[in-house]
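Reader: Could you take me on a close look at one part of this model? I'd like to start from a single residue and work outwards from there.

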Amino acid sequence: MTAATKTPETPFATTPLSPVLGAEVVGYDVRDLKDPRDVEALKLCVRDAQVLCFRDQNLTAAEMVTFLRTIGEPQYHVMRKFLMPETPEIYVLSNVKEDGKPVGNAYEGMGWHTDLKGQDKRTAFTVLYGREIPETGGATCFASMYRAYEALPAEKRKELDGLQFVYTYETQYNNRLKMLAEKGITDHSYPTELRPEQVEYAKRRHINPIVDVNPYNGRKWLHMATGGCAGIVGKENEEGVQFVLDLSDWATSAPFRYDHAWRKNDLLIWDNYGLFHVAGEYDKTKHRRLIWRGSIADER
Ligand SMILES: [Fe+2]
């Protein structure tokens, strides 16, 4: 077992969760996070490990919101239906139904992606707090896009240099509906068509370099996503999409990957720069899952 390490500036010790990415913290209550120096230390730890898991947290929804506010400016999820009424900073991910009504979104996080894109502001950090966890399945899978970039052969790096990834919400929306239909899932919460006011936004092209740089640490990473990929600039067609999907398949393979097997009361916080994630499947007919989600706006 790897020994936990603690620097004098950090209020807790961290232990790696895998050789690739991720670290865990045992014996620290995130409600004790108050000193701004400790907050900065936490952010550094998250950016370093990419994913930080605080074990055995015991938070009310209000306390989770306090944690989010201590770190930065919370964001509100676009799917308002599953925001907690008293604490709308928290979005509920769940297959649980109460009085026949779903308490959360059961089909969130499909397809490898980063939450970075956000809405008005980028989303720097995502926080998930596991209240009810299935006995098997339901991992949250992560892939380090720093490590994938660093493992690329020189000529592939040259080929990628200057290429620009194109995302549209319309593509993501259509792909999600297609994925749900292929799996025969009909009890999902996605609207079957876009509202008129969403159409203009949905068509908007979001463009970023495939080889991107994290402004906080200068590390290069592969910035793309599978779900909303409309291709690359100059090739917004099947060929461009396939190019990104092939790259993504490789970049999310075992050498760059850590799959987080949840324990009840884990609180995960991850940095959306340099990292992809996807929700692992679980048997929704047998297990209950209840996760609270929050996110923090980028400071830049
Ligand atoms: Fe996500």
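Author: Ala61 has 18 C-beta neighbours inside 10 Å, and since buried would take 20 or more, this residue counts as partly exposed. Keep in mind that we're looking at a predicted model. Ala61 sits in helix α2, which covers residues 61–71. Leave aside its neighbours within four places in sequence, and Ala61 is in contact with Met84, Glu86, Thr87, Ile90 and Trp292. Tyr129 is 68 residues away along the chain, and its C-alpha atom is 9.9 Å from that of Ala61.

Now for the rest of that helix. Met64, Val65, Phe67 and Leu68 of α2 are buried. The arc they cover around the axis is only 155°, so they end up on the same side of α2. The general background is simple: an α-helix has 3.6 residues a turn, so residues three or four places apart point the same way. What lies over these buried residues of α2? The cover includes strands β7 (123–132) and β17 (290–297).

Let's follow β17, then. Of its 8 residues, 6 are buried, so β17 is largely enclosed by the rest of the structure. Trp292 has its place in this strand. With 23 other C-beta atoms within 10 Å, Trp292 is over the mark of 20 and therefore buried. Not counting residues up to four places away in sequence, Trp292 touches Ala61, Met64, Ile90, Val92, Tyr129 and Arg131. So we're back at the residue we began with: Ala61 is among the contacts of Trp292, and Trp292 is among those of Ala61. Ile90 turns up in the contacts of Ala61 and in those of Trp292 too. Another residue to look at here is Leu83: it is 209 residues from Trp292 along the chain, yet their C-alpha atoms are separated by 9.5 Å.

The strand pairing fills in the picture around β17. Strand β4 (residues 91–94) pairs with β17 in the antiparallel sense, over 4 bridges. Tyr91 has Arg293 of β17 as its bridge partner. β7 pairs with β17 as well, antiparallel and over 8 bridges. There, Val127 stands opposite Gly294 of β17.

While you have the model open, look at the other sheets. One is an open sheet of 3 strands in the order β14-β8-β16, paired antiparallel. β14 (257–260) and β16 (275–279) stand at the edges with a single partner strand each, so each has one side without a neighbour in the sheet. On average, and ignoring direction, neighbouring strands here are turned by 20° against each other. Strand β8 (residues 140–144) runs antiparallel to β14, and 4 bridges join the two. Cys141 has Asp259 of β14 as its bridge partner. β8 is also joined to β16 by 5 bridges, again running antiparallel. On that side, Ala143 has Phe276 of β16 as its bridge partner. Because 4 of the 5 residues of β8 are buried, this strand is largely enclosed by the rest of the structure.

Another open sheet has 3 strands in the order β10-β9-β13, with antiparallel pairing. Its edge strands are β10 (206–209) and β13 (229–232), each of which pairs on one side only. From one strand to the next, the twist averages 25°. Strand β9 (residues 164–167) pairs with β13 in the antiparallel sense over 3 bridges, and Tyr167 stands opposite Cys229 of β13. Helix α7 (residues 238–251) packs on this sheet and touches β9 and β13, with its direction making about 100° with that of β13.

Last stop: a pair of helices. Helix α5 (residues 169–182) packs with helix α6 (residues 196–203) at an angle of about 110°, and their axes are 6 Å apart. That angle makes α5 roughly perpendicular to α6. Tyr169, Glu170 and Tyr173 of α5 make the contact with Tyr201, Ala202 and Lys203 of α6. Sorted by type, the residues of this contact are 4 nonpolar, no polar and 2 charged.

Conventions. Residues numbered from 1 in each chain as written. Predicted model: local features only at pLDDT ≥ 70, side-chain atom pairs only at ≥ 80, totals over all residues. Pairing = 2+ DSSP bridges. Axes fitted to C-alpha atoms, helices over the stretch in contact; angles between N-to-C directions. Contact = placed C-beta atoms within 7 Å. Parallel < 35°, antiparallel > 145°, perpendicular 65-115°, else oblique. Nonpolar A, V, L, I, M, F, W, Y, C, P; charged D, E, K, R; others polar. Buried ≥ 20, exposed ≤ 12 C-beta atoms within 10 Å, placed from the backbone. Arc of directions from axis to C-beta.
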